[in-house]
Amino acid sequence: MTELKGVGIGLGVAQGPVARMADPLPAPKDTSSELSADEETSRVKEAVSAVARELESRGERAGGAARDVLEAQAMMVEDPTLEEEVNARIAAGKTGEFAVHDAFASFRETLTAMGGYLGERAADLDDVAQRVIAHLRGLPAPGVPDPGHPFILVAKDLAPADTALLDLDKVLGLVTSDGGPTSHTAILAREKSIVAVVGVAGAESLSDGQEIIVDAAGGLVAVDPTQEELDAAAKRAAERAAAAAAPITPGALADGTAVPLLANLGKPSAAAEAVELGAEGVGLFRTEFIFLSSTDAPSVEEQREQYIELLKAFPGKKVVARVLDAGADKPLAFVNDAHEDNPALGLRGLRALQANEQILRDQLTALSEANTQTEAELWVMAPMVSTVAEAEYFVRIAKEYDLPVAGVMVEVPSSALLAERILEVSDFASIGTNDLTQYTLAADRLLGSVASFQDPWHPAVLRLIREVGAAGEKLGKPVGICGEAAADPLLAVVLVGLGATSLSMAPTALADVRATLLTYTADDARRIAHAALTAGDATGARTAAQQAATREKETQS
Ligand code: PEP
Ligand code: MG
């Protein structure tokens, strides 16, 4: 058996035969058009409009996040700047096909250079261009294969238009060679609970019909597995199905210790599904996600409406809103549009808000107004806090707006190491393991080439988390976890053993984490955490925790 490594989306495991996505259409040649410029322009206009309508109608059929993504793509294809670029090439005598190909490619380069969230949108442009070119050539758009039986789809990357309408009875899992954890493929796979591993090096070598196991929890693809491995994967898939079907109860350990299970959300419209999946509140509302494409700072009114919509979904429940986390992977032009060589180490998070205090004050005004008009228990927190003075600053300013509970995210090692001092001046801490891992291991969270360092199981990360957990216990203050680590069931047990008092995650992960927590006591969790802490690397920590967990189960039975 060979193992290919990538980035797992979610926790599922699936097995089946490979079916590969057809290769993209060959790039159009740079030849002169035999048609007049007017004829070419109207051919392209018709094709662009047909593709935009097709994307919109796919979005309508798919609903949910897919609709937003496809509507954004439809707007992208009809973007007036792109149209001008295409027309300029046609005016220079190029064919419509080449003009589209070339103009989209240059726009793609611009987006890629911007990096982060917008950079990951660049791949969407390729799909849109392919669709327009296919239409111009009278060919069907490249799409998902249909081998006539259930299969694991293997592709370079998947266009949102394809992911949105995947037939989940046929597509058992998804493997892509491109795409990072925040690509659209990943976002939509997460939303649809498709077992997926993206950014898999060597995925090109997989061939049609080859048997594979897609292990999202491990970020692995097992090629030509043994019967024993197939059986183990089937057992895990059955355990997950049982967890998903189990009744929804509040998060708790086997001894009854409560561990509230909360949702990470990026927009108010996602609240209903989170409630359905048993979220006991919101542990992280990423307010900046609503304003990623805004060029101007949002008004107080505009923000207030969004916050009211969210808070209304959680009457009587805790909702932790993070103030705008601008920078690096979440660029907000209206907060900081200066060029920085290392934006992850730049004027970002609370630093950027402190430098633009009116934006922070407007946001706190909107949050406070929404709070008085709704029944949720609103907490606020600041991102990327790296000093005690910053924590003091944020808590002081939040209290000016009658926001009674104000805390900070611990995402930078300095804050974890000084957790006690930080918690003395804040009401709570919430550990963002995504950034804490990035900064502890010095590995850019968006860079595929260092993805293997981005592992929150690393004992250095766990030790920092322990510092925060211990400080919270000593001062009697809550310590939540809101990074992706909380969505890994065994790591969730470790985090509780290190002192986390609540866990927040993508709602689709709640069932697995709920089921796993119920099988260990608080003492078990501390012992499992201790085993992980003493390892020398991430793999060792994971293995040590697994072995300790097995021991605890054996002593229970
Ligand atoms: C984190 O860094 O872990 C976190 C939760 O914040 P974000 O992923 O939005 O940076
Ligand atoms: Mg973060």
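**A first look around the model**

User: Let's start with Leu518: where is its place?
Analyst: Keep in mind that this is a predicted model. Two helices frame the spot, H19 (510-517) and H20 (522-533). Leu518 falls in the loop between helix H19 and helix H20.

User: Is Leu518 buried or exposed, or something in between?
Analyst: Buried takes under 20% relative accessible area and exposed takes over 50%. Leu518 has a relative accessible area of 40%. That value lies between the two cut-offs, so Leu518 is partly exposed.

User: And how many Å separate Leu518 from Thr31 in space?
Analyst: Along the sequence, Leu518 and Thr31 are 487 residues apart. Going from C-alpha to C-alpha, the gap between Leu518 and Thr31 is 66 Å.

User: Which residues are the protein donors of the magnesium ion, ligand 2?
Analyst: A donor here has to be an N, O or S atom within 2.8 Å of the metal. Two residues bring oxygens that lie 2.0 Å from the magnesium ion, one through OE and one through OD. They are Glu411 and Asp435.

User: How many residues apart are Glu411 and Asp435?
Analyst: The pair links distant parts of the chain. Glu411 is in the loop between strand E13 (405-410) and helix H14 (413-417), while Asp435 belongs to helix H16 (residues 433-441). Both Glu411 and Asp435 are buried. Counting along the chain, they are apart by 24 residues.

User: What does ligand 1 sit in?
Analyst: Have a look at the polar contacts to begin with: a polar side-chain atom of Arg286 is 2.7 Å from an oxygen atom of ligand 1, and a backbone N or O atom of Asn434 is also 2.7 Å from an oxygen atom of the ligand. The protein covers 99% of the 280 Å² of accessible area that ligand 1 has on its own. As for its location, ligand 1 sits in the largest cavity.

User: Which element gives the most to the shell around ligand 1?
Analyst: There are 14 residues around ligand 1, and among those that come nearest are Arg286, Arg322 and Asn434. Strand E10 (281-286) and H16 each supply at least two residues of that shell. With three residues, the top contributor is H16.

User: What is phi of Ala442, and why is it worth a second look?
Analyst: Most residues other than glycine have a negative phi. Ala442 goes the other way, with a positive value. This residue is found in the loop between H16 and helix H17 (459-475), and it is exposed, with a relative accessible area of 70%. Its phi is near 55°.

User: Where is Ala328, which also has a positive phi?
Analyst: Phi of Ala328 is near 55°. Ala328 has a relative accessible area of 23%, so it counts as partly exposed. Its place is the loop between strand E11 (318-322) and helix H11 (349-355).

User: What is the relative accessibility of Val461?
Analyst: Val461 has its place in helix H17. Between Val461 and Tyr439 there are 9.5 Å in space, C-alpha to C-alpha, and they are 22 residues apart in sequence. Val461 counts as buried because its relative accessibility is 0%.

User: Last one: how far apart are the C-alpha atoms of Ala141 and Ser294?
Analyst: Ala141 is in the loop between helix H5 (116-137) and strand E4 (151-155), and it is partly exposed, with a relative accessible area of 37%. Ser294 is 153 residues away from Ala141 along the chain. The separation of their C-alpha atoms is 32 Å.

Technical notes
Residues numbered from 1 in each chain as written. Chains lettered and ligands numbered in written order. Predicted model: local features only at pLDDT ≥ 70, side-chain atom pairs only at ≥ 80, totals over all residues. Heavy atoms only, no water. Donors = N, O, S within 2.8 Å, 3.2 Å for Na, K, Ca; no water. Helix = DSSP H or I, 4+ residues; strand = E, 2+ residues; numbered from the N terminus. Buried < 20%, exposed > 50% of the residue type's maximum accessible area, 1.4 Å probe, protein only. Near = heavy atom within 4 Å. Polar contact = N/O pair within 3.5 Å; in protein donor to acceptor, adjacent residues only side chain to side chain. Areas by Shrake-Rupley, 256 points an atom, 1.4 Å probe, with all protein chains shown as cover. 1 Å grid on protein atoms, 1.4 Å probe; cavity = no way out; pocket = protein on both sides within 12 Å on 5 of 7 lines; lining within 4 Å. Sits in = over half its atoms within 2 Å of the grid points.
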